[in-house]
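User: Please examine the structure shown below and answer some questions about its internal cavities and one of its residues.

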Amino acid sequence: MFEAIAVTLCSGIATAPLFAQPIPQAIANPNAWPAQAAPIKPDPAMERRIDALIARMSLEQKVGQVIQADVGSVTPQDVRRYHLGSVLNGGNSTPTGKYNAPAEEWLKAADAFYAASMAPDGNLPRIPIIWGSDAVHGHNNIVGATLFPHNIGLGAARDPELMRRIGEVTAIEMRTTGLDWTFAPTLAIVRDDRWGRTYEGFGETPEIATSYAAPLIEGLQGRIGDKDWLRGPHIIATAKHFLGDGGTTGGKDQGDTRIAENGLRDLFSPPYLPAIKAGVQSIMVSFSSWNGAKMHGNGSLLNGVVKGRWNFDGFLVGDWNGHGQVEGCTVTNCVPSIVAGLDMYMAPDSWKGLYKSTLAAARDGKLPMDRLEDAVRRILRVKMRAGLFEAGKPSSRPYAGEFQQLGSPEHRAIAREAVRKSLVLLKNADRILPLDPRANILVAGDGADSMTKQTGGWTLSWQGTGTKRSDFPNAQTIWEGIAQEVDASGGHATLSPDGSYSTKPDVAIVVFGENPYAEFQGDRADVGYDDERSLKLLRSLQADGIPTVSVFLSGRPMWANPFLNASRAFVAAWLPGSEGGGVADLLFGKAQFTGKLPYSWPKASDQTALNIGDKGYDPLFAYGFGLTTNEPGDLATLPEDRASPAQADDNILFGSGRFGNGRQLLIGAPGALATNPGPTLITVERTDRNAQEDSLRLRWTGTARAAAAIVQEESRDLTRQANGDLALELDLKVNAVPTAAVSLSMNCGEQCTNGVPLQTALTAIKKTDQWTRIAIPLSCFAEAGVDLSRVDQPLMLTTNGQLDISLSSVRIAPPSGTQLSCH
């Protein structure tokens, strides 16, 4: 057991011993974990070189190496001034600020950041920067890149060697844009399918991830000892998120995994052993907690297990301001996290404040110099192993600028193979599959011709939303793949998203499923799939006597009994990526279904934690299930009653004419708001936008200062949403130009109200005379002084003048409308 280490924060307040967690069950005993020898023999010459480099570095340089900033919040000039060792692009960050920035701009930006890190600075040594990116299903931030199925689909493939080839393709495509580090693979073991990141996990048991870890990492990095290890066609990989990220209570993202130490070890850690043995050079620490203690501050696991027991000699990187969630920390001040073993803070927008506080802590001894220099050593070791000190600027390295590699036919062929191996056939009544491509085929559903739905989250944008078909020049939708096969065979295929037809088809293929999401935006209350439009379509085709094949797009297994009943065949297609032709290959029998469920399929909508081996295990389709077309695929009629009603999305404050759960509108004088104070100050009436009375019209009379506020019964913590770059989004129409200043604020109790000015934006919107979506980042409210940990009024509009607006929606979401500035 580790000795307790007392830490004093920069505030001067002494904390409890760092490893003496308030919950004893959150202290790991490293000796109880399997020992592992270091896979890479120490290189004495390299270590001497690092010694000499550290001896020449200034304290400012050492601190800069352990800080990673987001390209949306940092410039090359900042990198030079603050000696930053790393940058990243978050899910919504690009070199140009546009989600679809061309590949050339990425390479140009990589050169600029590299040049800044290498610019002469007196006698200080030059240390090349590294750039990390979430290339989690291919180089998914880049227009034209090959997009593989998300991990849930790859888990169904049960093919470790395919993972090696996927890693190789991803690495080469990243090299074309000058990037040298991916935050992948995710090795999560997912135990509750309500989790919004379920599709990032390979399965519900350690089996698949453990078999995939080494080949995937070797595909990305190359093999230890080879001349091109970490260089040439290879990059730096990351095993994530350590540890227990897929086991949180209720499937809550960034939540708490409540489990005994042997359970944490035996269930969640197995994939990390082959990952380290394969030479993975970075491990990302999880946002989540173990028995109440945040992973970013758990020294018994970071120092004790990963570095001590497992002899990992790469570096530990944090996750998006995750250090700020450690007890006693903020995003700009967190000594306990680095003392606990974190080597590189991921501080996307907080980097400057964190740099200053960390530098101060190093100067006054609150951050021990040997711990800081150990972190720096680990980062330098990886950079030297990757040959970055000799590689030159990114555009001069192998594969740089070879943009024809992005979505090349060879790469797409591997992705198409992955799609074929990932699909799982759940029902095939009367052996309707494979279909005859010479038939008259109707293709319907909102997912049939949608790259957005088939690629899912982490695709050009964080949530995978807001993209256009033209953003995927080297790709094929499911409809396009079907049409190509049918046309080549002499059949006839018609695309009709709503299922209408003039000539009765021989068969219908209906493609539908979940809309894209990522991280906590995908957290759910249950696993019941609700989609009245698609169900009505299936039942209509069924009633017309048209055999129907359902292709279900989803990031998790879902209770879909009504849809199964209304389908002759049902295919779990997961999130297949860019190669829709792979779906057509199986529907028409060009390849056989071989995919097996990596997650148990629920029999009821409340079977959210459904895992093989559990007591009372009773799925509809068990872990490992998957039909071929050569065996009977009939399925008895399933019960269609929900086990429990779906809960409303807590991020919707107002929509479809209704206020969110526990919320209401109050109006009147600030400090004296009421449900119906009379029409003197504000009038409220129902109005129509897309449906009858689905919106509100609010009119301020201008007789005195007045406010309209959405209030909620209980205060809500929005810090997680702010860290995730979410915004307060409003769909509104301005009916008359405001005659005085307008404030949009959030409240968090008495003397805790502040926000942003809105008059200029509303005046501009009036000129369009149209419904407009605006987004105000939650960080704006935090910057203005709102305590986001206890928001009780998530929206309040206040003015002294006349104001007339119509409001159809208010929600907390990734910004998809016109993003307003904070001032």
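User: How many cavities of 30 Å³ or more does the structure hold?
Analyst: The model is a predicted one. With 30 Å³ as the lower limit, the number of cavities in the structure is seven.

User: Which residues lie closest to the centre of the largest cavity?
Analyst: The largest cavity encloses about 230 Å³ of space. Its lining is made up of 23 residues. Those closest to the centre are Gly91, Trp320, Trp458, Trp462 and Glu519.

User: How many charged residues does the lining of the largest cavity have?
Analyst: Both β5 (238–242) and α21 (719–723) supply at least two residues of this lining. Sorted by class, the lining has eight nonpolar and eight polar residues, and the number of charged residues is seven.

User: Which helices each supply at least two residues of the lining of the second largest cavity?
Analyst: The second largest cavity has a volume of about 140 Å³. Among its 16 lining residues, Ala135, Val136, His137, Ile166 and Leu216 are closest to the centre. By class, the lining comprises ten nonpolar and six polar residues, with no charged residues. The helices that each supply at least two lining residues are α5 (151–157), α6 (160–176) and α7 (206–221).

User: Is serine 496 buried or exposed?
Analyst: Serine 496 is located in the loop between β14 (492–495) and β15 (507–513). Beyond its neighbours within four places in sequence, serine 496 contacts Leu442, Val443, Ala444 and Gly445. The cut-off for burial is under 20% relative accessible area. Because its relative accessibility is 6%, serine 496 counts as buried.

Methods: Residues are numbered from 1 along each chain as its sequence is written. This is a predicted model: local features need pLDDT of at least 70, side-chain atom pairs count only at pLDDT 80 or more; totals for chains, interfaces and linings use all residues. Side-chain values use heavy atoms; hydrogens and water are left out. Helices (H or I, at least four residues) and strands (E, at least two) are DSSP runs, numbered from the N terminus. Buried means under 20% relative accessible area, exposed over 50%, partly exposed in between (1.4 Å probe, protein chains only). Contact means heavy atoms within 4.5 Å. On a 1 Å grid over the protein atoms alone, a cavity is a set of points where a 1.4 Å probe fits but cannot get out, and a pocket is an open set with protein on both sides within 12 Å along at least five of seven lines; lining residues have an atom within 4 Å of a point. Grid points are joined across faces, edges and corners, and a volume is the space filled by probe spheres set on the points. Ala, Val, Leu, Ile, Met, Phe, Trp, Tyr, Cys and Pro count as nonpolar, Asp, Glu, Lys and Arg as charged, and the others, Gly among them, as polar.
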